[in-house]
Amino acid sequence: MVLVRAETCEAGGRNGQIVGLAHTDNDLVEFLRRAGLDDAWDFLDDAHWVEWRGGRAHRYEAA
């Protein structure tokens, strides 16, 4: 399970607000799509957009 949190943005976006929990890459892509990233699959391995913590990338089992 991955916590999805929106960071502060210059355009007045959320300030670290939790926007949901992702259980799969599909869930994470949907959160990114809702944030305005149409090609969200391209961002999953981009550390600027997705920070994987406490485990390997694309692994969603409980730690």
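Buried means under 20% relative accessible area, exposed means over 50%, and partly exposed is in between (1.4 Å probe, protein chains only). Keep that rule at hand for the exercises below.

This is a predicted model, in which local features need pLDDT of at least 70 and side-chain atom pairs count only at pLDDT 80 or more, while totals for chains, interfaces and linings use all residues. Residues are numbered from 1 along each chain as its sequence is written, and side-chain values use heavy atoms, with hydrogens and water left out.

**Exercise 1. Describe the layout of the protein and say which element has the highest mean pLDDT.**

Step 1. Start with the elements, which are DSSP runs numbered from the N terminus: helices are H or I with at least four residues, strands are E with at least two. The protein has one helix and two strands, and their order from the N terminus is β-β-α.

Step 2. Turn to pLDDT, the predictor's confidence in each residue on a scale from 0 to 100. The protein has a mean of 76, with 70% of its residues at 70 or more.

Step 3. Among the elements, α1 has the highest mean pLDDT, 87, and strand β1 (residues 2–6) the lowest, 58. Where pLDDT is low, the predicted coordinates should not be read in detail.

Step 4. Finish with burial: 25% of the 63 residues count as buried.

**Exercise 2. Find which residues are linked with E30 in a network of salt bridges, and classify each by accessibility.**

Step 1. Apply the rule: a salt bridge is a side-chain nitrogen of Lys or Arg within 4 Å of a carboxyl oxygen of Asp or Glu. The count comes to two salt bridges.

Step 2. Take E30 with R33, where the closest N and O atoms are 2.5 Å apart. Both residues lie in helix α1, three residues apart, about one turn of the helix.

Step 3. Take E30 with R34, a salt bridge of 3.1 Å from N to O. These two also lie in α1, four residues apart, again about one turn.

Step 4. The network therefore links E30, R33 and R34 by salt bridges. As for accessibility, E30 is partly exposed because its relative accessibility is 26%; R33, at 41%, is partly exposed too; R34 is exposed at 60%.

**Exercise 3. D25 is buried: work out what its side chain meets, given that it has no salt bridge.**

Step 1. Locate D25 in helix α1. The nearest side chain of opposite charge (Lys and Arg count as positive, Asp and Glu as negative; His and the chain ends are not counted) belongs to R59, 9.5 Å away.

Step 2. Look for a polar contact, a pair of N or O atoms within 3.5 Å; within protein, one must be able to donate a hydrogen and the other to accept it, and residues adjacent in sequence count only if both atoms are side-chain atoms. The side chains of D25 and Y60 are joined by one of 2.5 Å. Y60 counts as buried because its relative accessibility is 12%.

Step 3. List the contacts (heavy atoms within 4.5 Å). Leaving out residues up to four places away in sequence, D25 touches W41, L44, W52, H58 and Y60.

Step 4. Look at H58, which lies in the segment after α1. H58 is not a glycine, yet it has a positive phi of about 70°. With a relative accessible area of 29%, H58 is partly exposed.
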